[in-house]
Amino acid sequence: MVDRPGRRFRAVARGQVSLPDAWRAARPPVAGLHLDNAACSRQSFAALDAAARHARHEAEVGGYVAAEAAAPVLDAGRAAVAALAGMPDAEVVFTTGSLHALDLLLGSWHSGRTLACLPGEYGPNLAVMAAHGFARRPLPVDGDGRVAVDEAAARLAADPPDLVHLTAVASHRGVVQPLAEMAYLCAELGLPLVVDAAQALGHVDCAVGADMTYTSSRKWLAGPRGVGALAVRTELMQRLRPRLPPPDWVSSLPVARRLELGEANIAARVGFSVAIGEHLAAGPALVRARLAEVGRATRTALVQVRGWRVIEAVDEPSAITTLAPLDGANPEAVRDWLIHERRIVTTAAEVERAPLEMTAPVLRISPHVDVTTDDLAMFAEALAEASAAA
């Protein structure tokens, strides 16, 4: 079954099958309307089957023997992450998700502890930064929350931090940051750039050659929950000092192996490796173009819904649309109504997602490549009804 979907997505890249049709056919039928891929996408048959086969293999030969047999698939997954991040020579470590990856990275960083990041930084990321004793400096941004590169250049040159952390696409807003420009700037200034690509890998172009990139499986790449990855340039990897286990216990192990030590769901890592392989087979540029088209269509469909303001510009090249209530609607109540009354899944983003920037909750809409104009029209109608009822 893995090979058939693989051929299907390769046919997309050759222009023989449309991407939306291939994406839809590769997955179980959706129970309702799924507009929540920024939270968790729907896995394909291939990813589901690969994870299940590995779990069955563990039962047949033992977990550690099965893990050794899965090494080629896992290595391919690591290589795919590095390629999508534009870091082909990086060392890639599997994690349980993006937050775990940032925790591993910052907990192993034993140089200076000043860090520049966006005012709209993801709340849990801020907590991890604080837990590891990092002093934050805000990057300058425009009115949309996008980093102002020229002003950032002057500020970073005048008072360089030890790390620059850039969340490529935020959790609470679908604005795409200028990754390539910031990567070039940081390289010119000799500042290590860390990219949070949780909402970006598989969604927007991340192949900019950052120094460190981390991501999740479950969002736009449509892999399983509970797995992610951290990619670090080799020279920087050697500077990391993992907290556990103590170096004298495992002195012969490379740093990347030490970071990855511990209990792990290998089946989920296998599923992630298959999912990212499908993404590469479909053609990342085609997927990005389609997701940008989806974002435009979504914002066009929702801009006329009374009682809500679309936050992003229509042509913002992302598939995330956020809606701010104008007439007192409660995004959490609206989300619940949409699920229970129409089986439509969205996200209510509370202020904790970006506590230094958000002042009120928003409703987040994030369709994937398979959404149709009829789906969006249906949602716009349901949103109007939900706003009145919730």
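This is a chat about the pockets, cavities and domains of a predicted model.

Reader: Hi! How is the chain divided?

Author: There's domain 1, made of 19–43 + 283–389, and domain 2, which covers 46–282.

Reader: How far apart are their C-alpha centres?

Author: The C-alpha centres of domain 1 and domain 2 lie 26 Å apart. As for the contact, domain 1 puts in 37 residues and domain 2 puts in 37 residues.

Reader: OK, pockets next. What volume does the largest pocket have?

Author: About 650 Å³. The largest pocket is lined by 22 residues, and Ala-67, Glu-260, Gly-262, Ile-266 and Arg-269 are the closest to its centre.

Reader: Which helices and strands supply at least two residues of that lining?

Author: Four helices and a strand do: H4 (63–69), H5 (71–84), H11 (255–260) and H12 (266–282), plus strand E2 (91–95).

Reader: And how do the residues of that lining divide into nonpolar, polar and charged?

Author: In the largest pocket, 11 are nonpolar, 9 are charged and 2 are polar.

Reader: Let me stop at E2 for a sec. Is it largely enclosed or not, and why?

Author: E2 is largely enclosed by the rest of the structure, because 4 of its 5 residues are buried.

Reader: Which strand does E2 pair with, and in what sense?

Author: With strand E8, residues 228–232: the two pair in the antiparallel sense, over 5 bridges. To pick out one of the bridge partners, Glu-91 goes with Val-232 in E8.

Reader: Back to pockets. How much space lies in the second largest pocket?

Author: About 400 Å³. The second largest pocket has 27 lining residues, and nearest its centre lie Tyr-122, Ala-198, Ser-216, Arg-218 and Lys-219. Helix H6 (98–108), helix H7 (123–131) and strand E7 (212–216) are the elements that give two or more residues to that lining.

Reader: Which domains does the lining of the second largest pocket draw on?

Author: Domain 1 and domain 2, with at least three residues from each. By class, the lining of the second largest pocket divides into 11 nonpolar, 9 polar and 7 charged residues.

Reader: Switching topic: how many cavities of 30 Å³ or more does the structure hold?

Author: It holds 3 of them. About 100 Å³ of space lies in the largest cavity. Of the 14 residues lining the largest cavity, Phe-9, Trp-23, Arg-27, Glu-278 and His-279 are the closest to its centre.

Reader: Which elements give two or more residues to that lining?

Author: Helix H2 (19–25) and H12. H12 gives the most to the lining of the largest cavity, with 4 residues. You've met H12 already, since it also supplies at least two residues of the lining of the largest pocket.

Reader: Ah, right. What classes of residue does the lining of the largest cavity have?

Author: There are 9 nonpolar, 3 polar and 2 charged residues. The lining of the largest cavity also draws at least three residues from each of domain 1 and domain 2.

Reader: Last one! What lines the second largest cavity?

Author: Its lining is Leu-118, Gly-120, Glu-121, Gly-145, Thr-167, Ala-170, Arg-173, Val-175 and Gln-177. By class, that's 4 polar, 3 nonpolar and 2 charged residues. The volume of the second largest cavity is about 70 Å³.

Note on methods
Residues numbered from 1 in each chain as written. Predicted model: local features only at pLDDT ≥ 70, side-chain atom pairs only at ≥ 80, totals over all residues. Heavy atoms only, no water. 1 Å grid on protein atoms, 1.4 Å probe; cavity = no way out; pocket = protein on both sides within 12 Å on 5 of 7 lines; lining within 4 Å. Points joined across faces, edges and corners; volume = space filled by probe spheres on them. Nonpolar A, V, L, I, M, F, W, Y, C, P; charged D, E, K, R; others polar. Domains from an automatic or database assignment. Buried < 20%, exposed > 50% of the residue type's maximum accessible area, 1.4 Å probe, protein only. Pairing = 2+ DSSP bridges. Contact = heavy atoms within 4.5 Å.
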